[in-house]
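Reader: Got a minute to walk through a complex with me? Put it up and I'll fire questions.

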Amino acid sequence: MDGTADVDIYQDEPAVVIDDVSMTFRTRSTKKGGRLGNSSVDVQALKNVSMVVGRGESVGIMGKNGSGKSTLLKILAGQLPPTSGSVYATSTPILLGVNAALMPELSGDQNIWLGCLAMGMTKKRIRDKYDSIVELSGLGDAIYLPMKSYSSGMGSRLRFAIGAAVNPEILIIDEALNAGDDQFKDKTKKKMHELLGQAGCVFLVSHSIPTITELCNRVIWIDAGEVIRDGPPADVVKWYRMYMKALASGDRLAAAKVRRRIVRDHQRVIIEDRFSGRRKLTS
Amino acid sequence: MSGAPAPVPGGHAVRTYVDLKSLHRVGARQGFLDYLVSIWRYRHFVLYDSRFRVGSANSQEKLGNAWIILSPLLNGLTFFLIFGLLLNTGKGIENFIGFLIIGVFLFQMSSRAITSGAQAIRGNKTVIQAFNFPRATLLAAINVRELLSNIPVVITMMVMILILPPTEAITWRILLIPPVLALQFFFNLGVGLVLARLVHHFNDLGQLISFAMRLWLYASAVFFSIDRFASVPVIQRIMEVNPLFIVLDITRDSLLYATTPSWESWATLAVWALGAIVVGLVFFWREEEKYGRDS
């Protein structure tokens with residue numbers, strides 16, 4: 001235990017608590033020799049990520065490609081079990097992503113049914129929601145064509161529309177706003193605001209700083225699998241821009257210096273259960 | 001404190017006390033009974049998924065779903081040429097063609113269901129990572145699909161037995177076929193559940209399954225009579241408790257030989273089916289949290 005830690009008591013009811021989550025992927029390299037599982041490489045995607053998110057918060061998650069954002073989202077939604085640590089939530093968060101696997105052989109119409117059923121919706125709910133899903137996807141008659149004939153934009157529109165149909169309490173959105181043309185962007189943005197109004201809390205991953213500052217009231221910055229900054233959008237975005245600028249200019253020394261400053265000021269959270277007085281055991 | 005966090009460079013730690021009482025752990029495995037209930041709640045997903053799989057399984061082939069019947073037919077023909085004509089294993093078997101048809105058609109039902117069941121987790125990783133649903137529903141869907149696509153197979157089988165000489169008369173025992181198929185269904189599902197978890201852990205096992213199934217085929221008296229081993233009672237005994245042999249035996253007795261299958265056969269098969277499904281569900285459920293992980 002480190003005795004230097006400050007103590008904070010979280011008074012409100014949290015919606016999501018991420019407790020010391022780490023994720024290591026073991027990837028098998030078949031390149032060498034091609035023999036049975038001989039060489040394996042460990043890739044650490046997340047390192048001791050902890051945070052507490054309350055109701056009504058909309059949290060933006062920023063970071064470079066490969067910084068571990070998508071892994072964190074999958075763990076949040078319970079789709080990927082973390083190597084260590086746990087996520088606690090009031091209800092299972094729903095991930096609305098461009099990665100949601102739909103069946104390429106099936107038509108869009110059949111995929112709506114399958115996807116909604118897989119999310120646990122009842123047949124009646126699906127029937128009620130069906131028209132609004134098709135309308136949001138903007139696919140028109142293409143909804144009866146097989147998914148494999150869709151452009152990637154059409155596919156992600158359909159995925160967003162299907163995911164948005166559940167009205168979850170905790171919602172995770174992965175880059176959805178960046179997909180599609182302007183007309184669709186307006187539609188999704190409207191739908192997003194609607195969902196934000198209904199949901200208890202929202203996580204949004206995006207590379208677009210304007211999107212995040214517009215929709216979020218808290219930003220978490222992940223770099224190389226660690227949370228290095230967690231705070232109001234204005235503050236995090238300021239540092240993020242400074243860091244990205246240093247990186248883009250190729251000045252690695254300056255970038256490292258900025259990063260050190262960011263990390264130094266960051267308050268690392270250690271989760272304790274208020275009532276049992278000790279750490280919750282994982283799994 | 002269990003597993004103290006690795007030191008993170010820089011920053012300072014804030015010990016935050018949170019009320020975790022009202023929260024539940026995301027992705028936590030449900031209790032076994034809750035798990036069964038949630039499988040039931042996802043029954044529409046199972047039905048829809050399996051209907052789609054029946055529809056699209058052969059969509060790449062020109063003859064489409066005709067292959068559901070054509071492939072056991074050709075299989076049976078091959079076995080007939082090799083074992084019936086060349087090796088003459090059918091000597092002494094009454095109505096060898098009927099005997100072979102039942103053997104090949106029914107064995108293929110199990111072997112297809114078990115082989116594809118074993119790949120259920122591996123082959124559906126993207127769906128598993130995209131949605132939260134009880135994973136056992138994937139195996140249910142695969143087995144329901146096999147059951148649905150086997151309805152025409154069973155009908156073809158019966159028609160062939162009725163029209164190919166020597167023709168057999170229909171007796172009341174034809175009513176014993178649905179219960180036998182039901183027991184076979186639960187047995188397949190149970191074995192599939194066990195194998196799916198094992199293959200998820202040891203990918204290599206998937207390679208072995210086709211060999212195991214072939215061995216099982218030979219041990220199930222598909223194209224020869226079990227009486228061949230009358231001189232080695234141990235082998236005969238082992239074959240007689242083989243659930244797939246019992247399935248074939250009960251069906252042959254009912255359809256070909258106008259014999260009422262013994263209650264011992266029924267009891268053994270029922271124990272196998274019930275045992276497989278219970279063991280399979282529990283064994284599969286215990287790893288429920290981990291199926292989303294790659295390998």
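Reader: Start with chain B. How many helices and strands are there?

Author: Chain B has 12 helices and two strands. This is a predicted model, by the way.

Reader: In what order do the elements of chain B run from the N terminus?

Author: The order is β-β-α-α-α-α-α-α-α-α-α-α-α-α.

Reader: What box do the C-alpha atoms of chain B fill?

Author: Roughly 85 × 45 × 35 Å, along the principal axes.

Reader: And how much of chain B is buried?

Author: Of its 295 residues, 38% are buried. As for contacts between residues at least 6 apart in sequence, 81% of those in chain B join residues at least 24 apart.

Reader: Give me a specific pair. How far apart are the C-alpha atoms of B:Trp40 and B:Thr137?

Author: They are separated by 8.8 Å, with the two positions 97 residues apart along the chain. B:Trp40 belongs to helix H1 of chain B, residues 32–41.

Reader: Is B:Trp40 buried or exposed?

Author: Exposed, because just 11 other C-beta atoms lie within 10 Å, and the cut-off for exposed is 12 or fewer.

Reader: Now helix packing. At what angle do H8 and H11 of chain B pack?

Author: About 170°, with the axes 10 Å apart. H8 covers residues 177–201 and H11 covers residues 243–255. So H8(B) and H11(B) are roughly antiparallel, since an angle over 145 degrees counts as that.

Reader: Which residues make the contact?

Author: H8(B) contributes B:Ile177, B:Val180, B:Gln184 and B:Phe187. From H11(B) come B:Pro243, B:Val247, B:Ile250, B:Thr251 and B:Ser254.

Reader: Any odd backbone angles? What is phi of B:Ala221?

Author: Near 55°, a positive value in a residue that isn't glycine. B:Ala221 sits in the loop between helix H9 (205–218) and helix H10 (233–241) of chain B. B:Ala221 is buried, because 26 other C-beta atoms are within 10 Å.

Reader: And in chain A, what about phi of A:Ala224?

Author: Positive too, at about 50°, and again not a glycine. A:Ala224 is in the loop between strands E9 (218–223) and E10 (226–231) of chain A. With 15 other C-beta atoms within 10 Å, A:Ala224 is partly exposed.

Reader: Stay on chain A. What's its secondary structure?

Author: Eight helices and 11 strands. Chain A has 283 residues, and 47% of them count as buried. Among its contacts between residues at least 6 apart in sequence, 70% join residues at least 24 apart.

Reader: Take helix H5 of chain A. What should its residues span?

Author: H5(A) has 17 residues, 182–198, so at 1.5 Å a residue the expected span is 24 Å. The end C-alpha atoms are 24 Å apart, which agrees.

Reader: Which residues of H5(A) are buried?

Author: A:Phe184, A:Thr188, A:Met192 and A:Leu195. They lie on the same side of H5(A), because their arc around the axis is only 75°.

Reader: Why would that spacing put them on one face?

Author: An α-helix has 3.6 residues a turn, so residues three or four places apart point the same way.

Reader: What do the buried residues of H5(A) pack against?

Author: Helix H4 (152–164), strand E7 (170–174) and helix H6 (209–215) of chain A.

Reader: And which residues are exposed on the other side of H5(A)?

Author: A:Asp182, A:Gln183, A:Asp186, A:Lys190, A:His193, A:Glu194 and A:Gly197.

Reader: How far is A:Glu194 from A:Asp19, by C-alpha atoms?

Author: 29 Å, and they are 175 residues apart along the chain. A:Asp19 is in strand E2 of chain A, residues 14–29. A:Asp19 counts as buried, because it has 27 C-beta neighbours inside 10 Å.

Reader: Confidence check. What is the mean pLDDT of chain A?

Author: 81, and 87% of the residues of chain A reach 70 or more. Over residues 277–283 of chain A, pLDDT stays under 50. The model has 14 contacts beyond four places in sequence for that stretch.

Reader: And the mean pLDDT of chain B?

Author: 84, with 93% of its residues at 70 or more. Residues 1–8 of chain B are below 50. Beyond near neighbours in sequence, that stretch has 13 contacts in the model.

Reader: How should I treat those stretches?

Author: Where pLDDT is low, the predicted coordinates should not be read in detail.

Reader: Last one. What ipTM does the predictor give the complex?

Author: An ipTM of 0.74, alongside a pTM of 0.80.

How values were computed. Residues numbered from 1 in each chain as written. Chains lettered and ligands numbered in written order. Predicted model: local features only at pLDDT ≥ 70, side-chain atom pairs only at ≥ 80, totals over all residues. Helix = DSSP H or I, 4+ residues; strand = E, 2+ residues; numbered from the N terminus. Expected span 1.5 Å × (residues − 1). Buried ≥ 20, exposed ≤ 12 C-beta atoms within 10 Å, placed from the backbone. Arc of directions from axis to C-beta. Contact = placed C-beta atoms within 7 Å. pLDDT = per-residue confidence, 0-100. Axes fitted to C-alpha atoms, helices over the stretch in contact; angles between N-to-C directions. Parallel < 35°, antiparallel > 145°, perpendicular 65-115°, else oblique.
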